[in-house]
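Open the model in your viewer and keep the selection panel at hand. The stops below say what to pick next and what is there.

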Amino acid sequence: MKNIPFLKHQELLVEVSDNNPVDFFRMLLTDECLQQVCDETNRYAEHIFLSNAGATHSRIFDWKILTPEELLVFLGLVLHMGHISLPRIEDYWKKKDPLFANAIFSTFMGRNRFMVIMRCLHFSNNPEEGEQVPEDRIYKIRPMINFFNKRMEEVYYPDRNLTLDESIVLHRGRLNFRQYLKNKKT
């Protein structure tokens with residue numbers, strides 16, 4: 001284990017005007033980060049568009065360049081979906097009953113636009129055909145991990161005593177480096 005000397009006291013290294021949660025969110029998710037995600041998403045959408053020559057009914061043919069402002073709206077809707085649990089993504093736009101209606105979703109973004117952004121969301125450039133696939137198993141999100149690690153060093157100096165909380169979530173996906181802990185309670 002790496003020995004890290006703690007030379008300063010715990011503090012936030014940047015000024016935050018209010019205690020508004022949006023200010024803290026934007027402190028971590030900078031314009032540079034949003035622009036990088038938009039660039040990679042637009043590049044991948046172009047790749048899908050060019051490879052879908054035969055499917056004229058695909059939503060990808062309605063692609064418009066993703067902007068950082070629209071990406072923020074998209075992320076806001078995704079976070080809001082975490083509070084409202086519906087069985088399918090389309091249900092957030094389809095419910096007409098006033099008791100279950102979620103007008104906020106259709107007010108800020110259309111369903112088709114949301115779905116096509118979800119399909120094209122990308123964080124790093126894919127290797128070209130014939131190129132070696134990186135051995136790093138999380139190479140597709142590695143730029144975001146590196147960005148957040150660097151950003152945390154810029155905005156916060158931690159205390160010597162840190163607590164890391166590990167959440168246990170049922171996962172049935174394909175992940176080679178997950179661990180099975182037989183005696184751990186979930």
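Start with the aromatic rings of this predicted model. A search of the whole structure finds six aromatic pairs. Select Trp 93 and Phe 114 for one that is tilted: the ring centres are 5.0 Å apart, with 45° between the planes. This pair links distant parts of the chain. Trp 93 sits in helix α4 (residues 91-94), Phe 114 in helix α6, and 21 residues separate them. Buried or exposed, Trp 93 and Phe 114? Both are buried.

Now add Phe 74, Tyr 92 and Phe 105 to the selection. Together with Trp 93 and Phe 114 they form one aromatic cluster.

**Helix α6 and its partners**

Keep Phe 114 and show the rest of α6, residues 111-120. Colour its buried residues: Arg 113, Phe 114, Met 115, Val 116, Ile 117 and Cys 120. What do the buried residues of α6 pack against? They pack against α2, α3 and α4.

Bring in α3, residues 68-81. The axes of α3 and α6 are 11 Å apart, and the two helices pack at an angle of about 95°. An angle of 65 to 115 degrees counts as roughly perpendicular, so α3 and α6 fall in that class. For the α3 side of the contact, select Glu 70, Phe 74, Leu 77, Val 78 and Met 81. For the α6 side, select Arg 113, Phe 114, Ile 117 and Met 118. By class, this contact has seven nonpolar residues, two charged and no polar ones. Phe 74 and Phe 114 appear in this contact, and both also belong to the aromatic cluster.

**Past the end of α6**

Next, pick His 122 in the loop between α6 and α7 (142-155). Why does His 122 count as buried? Its relative accessibility is 10%, and buried means under 20%. Show what touches His 122, leaving aside neighbours within four places in sequence. The contacts are Val 37, Glu 40, Thr 41, Tyr 44 and Lys 140.

**α2 against α7**

Val 37 leads to the next stop, since it is one of the α2 residues that meet α7. Show α2 (31-51) with α7 (142-155). How do α2 and α7 run relative to each other? Their axes come within 11 Å and cross at roughly 175°. Angles over 145 count as roughly antiparallel, so α2 and α7 are roughly antiparallel to each other.

Select Glu 32, Cys 33, Gln 36 and Val 37 in α2. Across from them in the contact are Pro 143, Met 144, Phe 147 and Lys 150 in α7. By class, five residues of this contact are nonpolar, one is polar and two are charged.

**Thr 30 and Arg 151**

Move to Thr 30, in the loop between α1 (21-28) and α2 (31-51). Thr 30 counts as buried because its relative accessibility is 14%. Not counting residues up to four places away in sequence, Thr 30 touches Phe 147 and Arg 151. Phe 147 has already come up, as one of the α7 residues that meet α2.

Centre on Arg 151, which lies in helix α7. Arg 151 is buried too, with a relative accessible area of 17%. Which residues does Arg 151 touch, not counting those up to four places away in sequence? They are Met 27, Leu 28 and Thr 30. Draw a distance between the C-alpha atoms of Arg 151 and Thr 30: 9.0 Å, for residues 121 places apart along the chain.

**Phe 25**

Step back to helix α1 and select Phe 25. At 35% relative accessible area, Phe 25 is partly exposed. Leaving aside neighbours within four places in sequence, Phe 25 is in contact with Leu 72 and Leu 79.

**The whole chain**

Zoom out and colour by secondary structure. The chain has seven helices and two strands. From the N terminus on, the order is β-α-α-α-α-α-α-α-β. Of the 186 residues, 23% are buried. Among contacts with a separation of 6 or more, 65% join residues 24 or more positions apart.

Last, colour by pLDDT. The mean for the chain is 84, and 85% of the residues reach 70 or more. Among the elements, helix α3 has the highest mean pLDDT (95) and strand β1 (residues 11-12) the lowest (81). Where pLDDT is low, the predicted coordinates should not be read in detail.

Key
Residues are numbered from 1 along each chain as its sequence is written. This is a predicted model: local features need pLDDT of at least 70, side-chain atom pairs count only at pLDDT 80 or more; totals for chains, interfaces and linings use all residues. Side-chain values use heavy atoms; hydrogens and water are left out. pLDDT is the predictor's confidence in each residue, from 0 to 100. Helices (H or I, at least four residues) and strands (E, at least two) are DSSP runs, numbered from the N terminus. Buried means under 20% relative accessible area, exposed over 50%, partly exposed in between (1.4 Å probe, protein chains only). Contact means heavy atoms within 4.5 Å. Axes are lines fitted to C-alpha atoms, for helices over the stretch in contact, and angles run from 0 to 180 degrees between N-to-C directions. Angles under 35 degrees count as roughly parallel, over 145 as roughly antiparallel, 65 to 115 as roughly perpendicular and the rest as oblique. Ala, Val, Leu, Ile, Met, Phe, Trp, Tyr, Cys and Pro count as nonpolar, Asp, Glu, Lys and Arg as charged, and the others, Gly among them, as polar. Rings of Phe, Tyr and Trp (its six-membered ring) pair if their centres lie within 6.5 Å; planes under 30 degrees apart count as stacked, over 60 as edge-to-face and the rest as tilted.
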